[in-house]
Amino acid sequence: MKQSLIGQSVFGREHVDVKMLKMYVNGEWVDSISGKTITVINPSTGDEIAKVPMGNKEDIDHAVRSARMAFESEGWLQNFRPHERGYVLLEVAAKIREIKDELAQLEAIDVGKPLSQAYVDVEAAARYFEYYSGMADKILGETIPIEYGIIDYTVREPIGVTAHIIPWNYPIQIISRSVAAAIATGNACVVKPAEDTPLTALKLAEIFSETKLPKGILNIITGYGYEAGAALCKHHDINHITFTVSVATGMTVMKAAAENIVPVTLELGGKSPNIVFSDCDEEAAIEWVVKSIIQNAGQTCSAGSRLLVEASVKDQFVAKVARRMKELKVGPGVADPDIGPILSQKQFERIESFIETAKAEGITILTGGTAVEIEGCEGGWYFAPTVLDHIDPDCKLAQEEIFGPVLSVFSFETEEEALELANNTEYGLVTGIWTNDVKRAHRLANKVRSGQVFINNYGAGGGIQMPFGGYKKSGFGREKGLEALRNYTQLKNVALRYDK
Ligand code: NAD
């Protein structure tokens, strides 16, 4: 069954057609048990674009029971062979590509991200399903030598019912990366998309509904974090939680998981540095310093939000970065500008409050620092690309995740100083190093405390295959790549005596 999520009318401001959507439980499209709904807003315009069910504890319970029944049923692990799981995921990847225009438009409208970035997200989603489809029948165990007469082997089994809490900044990518790995390894999933951006998750459910995946293996409950999200994390019958959120929410979730002794994979935020040395390829470094902070209007956990530049080239380098930032085009997501709107008034006000602090502390605003008015989109929340200089490395602005197009500049004299600055936050997600001195690059890569290091690039094209996750308060556990398969499997050891 399909539920139409999008029509041309959604794009035109004068003819906004609010869609009434349902969520997906046990292979059925359902309303919330309470009948309540959440209104979804287009951040580019402030217009209402859809209403989705406001799922609560009861809906979560329904979804978890459905997932449990599906997981335990003979129709899943006994009769649905591993390579058949792979076929389903391949089919999903193909369908994502078939309707990529619709998905990209939907993501651009729902998140406000520039259309070309939404296309990149949709392609990444397809790639996750392809990548993990190939792994479905390659989850191998080992034989372990014990002694004559005993054969000992390990089996990697699915962990059971997996909970997935999705953030609002990269909905289709983040849901795809964890759901693809969980289903490839034989789990049943309950997904709670962010209340602000649930649309592509529901579209993905529609895609799955047209495959042979048994009912109940994928369930999507829309609802608020404090209600549906919290109920899912506290549910006694889930076996794993995958979470991409803020540090504060991450702590709440870990406490809930502790009550049921449930493992968690936590991807929290970052305050990631680009470290620029005087001997680097300046043009490439400028391009990526700018890209890494403006992507999705800076609302990216791995955003390069700190720029550390060698003092001898700082002024000229930063002037060029600031000029480039100033020239960027800000506008509504579907118009494919360089920078789209901020997701919501709440996020917008958060960015504004950081800028107020900057002003109060006498920090230099090289460019930006203000709201932007876009004609015809007065209800949207736009913020100018901003570069801040002369910042105390220990102050709030240097330490906390702003989650907006705001770049903070620092300078260093020596490699040791660069390292100290790079490691001087509670986060540790990504580090960019720009230098042509390969020995120095490796020395720093060895000493920085972050889960990913990019030398003379930033992001390496998305990195479906690369393990991704944090050091320190950026979280723990790794998503993406083969490493993610460990999250969704548990190891059983079997010892069999065949002779005395
Ligand atoms: P949040 O952490 O509150 O929400 C993100 C997701 O968690 C949503 O799906 C939400 O419904 C869910 N959630 C919220 N409270 C929950 C709870 N108690 N139990 C279970 N699920 C819950 O983030 P926010 O308020 O939307 O954004 C605040 C800040 O978080 C941002 O400014 C940014 O710094 C950070 N953030 C980081 C990422 C990331 O990619 N690491 C993503 C989103 C937000």
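**Exercise 1.** Find which element gives the largest share of the shell around the ligand in this predicted model.

*Solution.* Start with the elements that give two or more residues to that shell: helix H7 (225-234), strand S11 (240-244), helix H8 (247-259) and helix H11 (345-360). Now pick out the top contributor: H7 supplies the largest share, four residues.

**Exercise 2.** Describe the shell around the ligand by number and class.

*Solution.* First, the head count: 27 residues surround the ligand. Trp168, Lys192, Glu195, Lys346 and Glu401 are the closest of them. Next, sort the shell by class, and you get 12 nonpolar, nine polar and six charged residues.

**Exercise 3.** Track down polar contacts of the ligand with Gly225, Ala230 and Ser246, then say how much of the ligand the protein covers.

*Solution.* Keep in mind that a polar contact is a pair of N or O atoms within 3.5 Å. Take the backbone first: a polar backbone atom of Gly225 is 3.2 Å from a ligand oxygen, and one of Ala230 is 3.4 Å from a ligand nitrogen. Then turn to a side chain: Ser246 has a polar side-chain atom 2.9 Å from an oxygen of the ligand. Finally, the cover: on its own the ligand has 810 Å² of accessible area, and the protein covers 90% of that.

**Exercise 4.** Work out where the ligand sits, and why it lies between domain 1 and domain 2.

*Solution.* Look for the pocket: the ligand is in the largest one. Then check the domains. Domain 1 (6-268) gives residues to the shell around the ligand, and domain 2 (273-463) does too, so the ligand lies between them.

Methods:
Residues numbered from 1 in each chain as written. Predicted model: local features only at pLDDT ≥ 70, side-chain atom pairs only at ≥ 80, totals over all residues. Heavy atoms only, no water. Near = heavy atom within 4 Å. Polar contact = N/O pair within 3.5 Å; in protein donor to acceptor, adjacent residues only side chain to side chain. Areas by Shrake-Rupley, 256 points an atom, 1.4 Å probe, with all protein chains shown as cover. 1 Å grid on protein atoms, 1.4 Å probe; cavity = no way out; pocket = protein on both sides within 12 Å on 5 of 7 lines; lining within 4 Å. Sits in = over half its atoms within 2 Å of the grid points. Nonpolar A, V, L, I, M, F, W, Y, C, P; charged D, E, K, R; others polar. Domains from an automatic or database assignment.
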